[in-house]
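Trainee: I would like to take a close look at a single part of this model, and I would be grateful for one connected explanation that I can follow while I look.

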Amino acid sequence: MTTNARTTSLMVVILALALAASFLVATSAGAQDRSRPPQNPPPKEPPSSFMPVIEEPFEVVMRRDKENKSRVMAAATRRLEDRYDLARHVDPDVKMTRGKPIPVGPTARLKGVTWEQLGRMSPEEIRAKGVFPYLPLPHVAHAVGGMVFPQTHIKQQPRLERFDMDFDIPDHFLPEFPPAIFLTTRPDLGDVSKGQLVTVNNFYELFNGILNPKQLDGLRLLVTQFPQQQFNATADRKTERNDGMQGVACFDCHVNGHTNGAFHLVGDIRPQENRRRIETPSLRGVNIQRLFGSQRALKTVEDFTEFEQRAAYFDGDPVIATKKGINILDRGHQVHEMSEFQEILDFPPAPKLSVYGRLDPKKATPAEMRGEELFFGKATCSQCHTPPFYTDNLMHDLMVERFYIPRMEGGMMITKQGPIKTFPLRGIKESPPYLHDGRLLTLEDTVEFFNLVLQLGLAPGEKSDLVQFMRAL
Ligand code: HEC
Ligand code: HEC
């Protein structure tokens, strides 16, 4: 053979091999596609900062999404069941303001270790053995994301139902619905909700004569629907109904100024798999807070109010917001009034606390007193959760990634989380689930979490004392 001929035949062989390899890759990718849950499409390269613009006809998207819904939910429920015991365990004697019993844990399922053994292991050991029980929690359908509302709320407001996914966490781990409302300006009235869900239909009769006209109009805006990524009047939406103005109201999540546990994905991270699931925080006591958003650290309630509709409603993407109907609030008038109302939402009463926010020894039980001593002593909680509201108004990096190896789960990249704001603990028993993503379903879980994260070595009795103390806050 001549050199040329040899080169040619070599090239033919290489070409054939390359073709075979690409065929194999293509078929195995195809097989993978079929076995994968639909919410986990293969990552598209290169990643884009922009949300995809859906141009398919509404009927086509809805039919496909409805067909996939049961598979999406089955996968999400499996993931959750694998992590937690979701059975209903409540304390019938300890209730939220309007009577819902609080859930009791710990709910995390341990993989071949006991809590005592875990408590003695170093972060490196826990990471190496893959036994950390509190990994970041993915969205029900992480690749799609968007706002998801609890079933109890949807029953009263069917417009909040999505055709592509449902809420995943069972109702007994959620705040009571509808929750009580306390006003800093009228503590003499107690709960002013009258047991009702405040909406645009009843806010006026409930609050006329209690609020001033500015606050009243602010409340009107907080219960008025405005277009949002999944709830809007275009074909690119996730609700079947399109009766009148489609959208969401602030109080669809911050129900009665508190929370119903609704979640979505944080708007300010890319790519999609690195975005965090975020659970709605209560607006009770925003008046004493100085940082808003788990990581955004916006400095005022006004900033956050403006930001919610301008950015969070549309995943931080003004391109898509323009298409779906962005509602830009007037800062000096509307934002001001909405904030004035939010700023008078109070924490629920805590009858055992003194003016310093500490337990009154005459009213507290011995277990609560022991819990307080631990909280301010051995357990170091008060380093960040400082009285009277049990927040230092700062952010802290708990470095939870010491306990796990980064990996993909449920379409989410489980990796470093960085600094997160110290949420206040006043009224904490009324707002499960806990942490920015709601991964801790009960107060017992929060104690187990911090026992590991802070390497406290707490004994079982000490853990339960700490829970007793937090229930009194
Ligand atoms: C999905 C339901 C949802 C809707 C609708 C919603 N929010 Fe929120 N809100 C959240 C979540 C989740 C956070 C936490 C954000 C974060 O961690 O960055 C939040 C945070 C906030 C905060 C900061 C609270 C804190 O403790 O840091 C304020 C204030 C707020 N929202 C006001 C509003 C207003 C005003 C509206 C209407 C314009 C609104 N929200 C609509 C879910 C919602
Ligand atoms: C280094 C500061 C720091 C210390 C010490 C600390 N925390 Fe926290 N705590 C935080 C931060 C930051 C968050 C929010 C973390 C997140 O959302 O991922 C938080 C969240 C919580 C929450 C959930 C709040 C909510 O609204 O979801 C509870 C409950 C809690 N801490 C209890 C405790 C207890 C009990 C201790 C002591 C055993 C403790 N913390 C020690 C910083 C701290």
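At roughly what angle do the axes of helix H12 and helix H13 cross, and within what distance do they come?

Mentor: Please keep in mind from the start that this is a predicted model, and that the protein it shows has 473 residues, with 13 helices and eight strands. The two helices you ask about are H12, which covers residues 443-453, and H13, which covers residues 460-471; their axes come within 9 Å and cross at roughly 125°. An angle over 145 degrees would count as roughly antiparallel and one from 65 to 115 as roughly perpendicular, and H12 and H13 are therefore oblique to each other. As for the hand of this arrangement, the crossing in which H12 passes H13 is right-handed.

If you now turn to the residues at the crossing, you will find that H12 brings Leu443, Glu444, Val447 and Asn451 to the contact, and that these meet Lys463, Leu466, Val467, Met470 and Arg471 of H13. Sorted by class, the residues of this contact comprise five nonpolar, one polar and three charged.

H12 also has a part in the surroundings of ligand 2, since with three residues H12 gives the most to the shell around that ligand. The shell is made up of 23 residues, and the closest to ligand 2 are Cys381, Cys384, Phe423, Tyr434 and His436. By class, 14 residues of this shell are nonpolar and nine are polar, while none is charged.

It is useful to set beside this the shell around ligand 1, where, of 28 residues, Cys250, Cys253, Gly293, Ser294 and Glu308 come nearest. Strand E4 (277-279), helix H8 (301-310) and helix H10 (331-342) are the elements that give two or more residues to this shell, and H8, with five residues, supplies the largest share. The classes here are 14 nonpolar, ten polar and four charged residues, so that you can read this list next to the one for ligand 2, in which there are no charged residues.

To place these parts in the whole chain, note that 39% of the residues of the protein count as buried, and that, among contacts with a separation of 6 or more, 69% are between residues 24 or more positions apart. One pair that is far apart along the chain is Lys323 and Thr234, which are separated by 89 residues in sequence and by 8.1 Å between their C-alpha atoms. Lys323 itself lies in helix H9, residues 318-324, and Lys323 is partly exposed because 16 other C-beta atoms lie within 10 Å, whereas 20 or more would make a residue buried.

Note on methods: Residues numbered from 1 in each chain as written. Chains lettered and ligands numbered in written order. Predicted model: local features only at pLDDT ≥ 70, side-chain atom pairs only at ≥ 80, totals over all residues. Axes fitted to C-alpha atoms, helices over the stretch in contact; angles between N-to-C directions. Helix = DSSP H or I, 4+ residues; strand = E, 2+ residues; numbered from the N terminus. Parallel < 35°, antiparallel > 145°, perpendicular 65-115°, else oblique. Left-handed = near helix turned anticlockwise from the far one by under 90°. Contact = placed C-beta atoms within 7 Å. Nonpolar A, V, L, I, M, F, W, Y, C, P; charged D, E, K, R; others polar. Buried ≥ 20, exposed ≤ 12 C-beta atoms within 10 Å, placed from the backbone. Near = placed C-beta within 6 Å.
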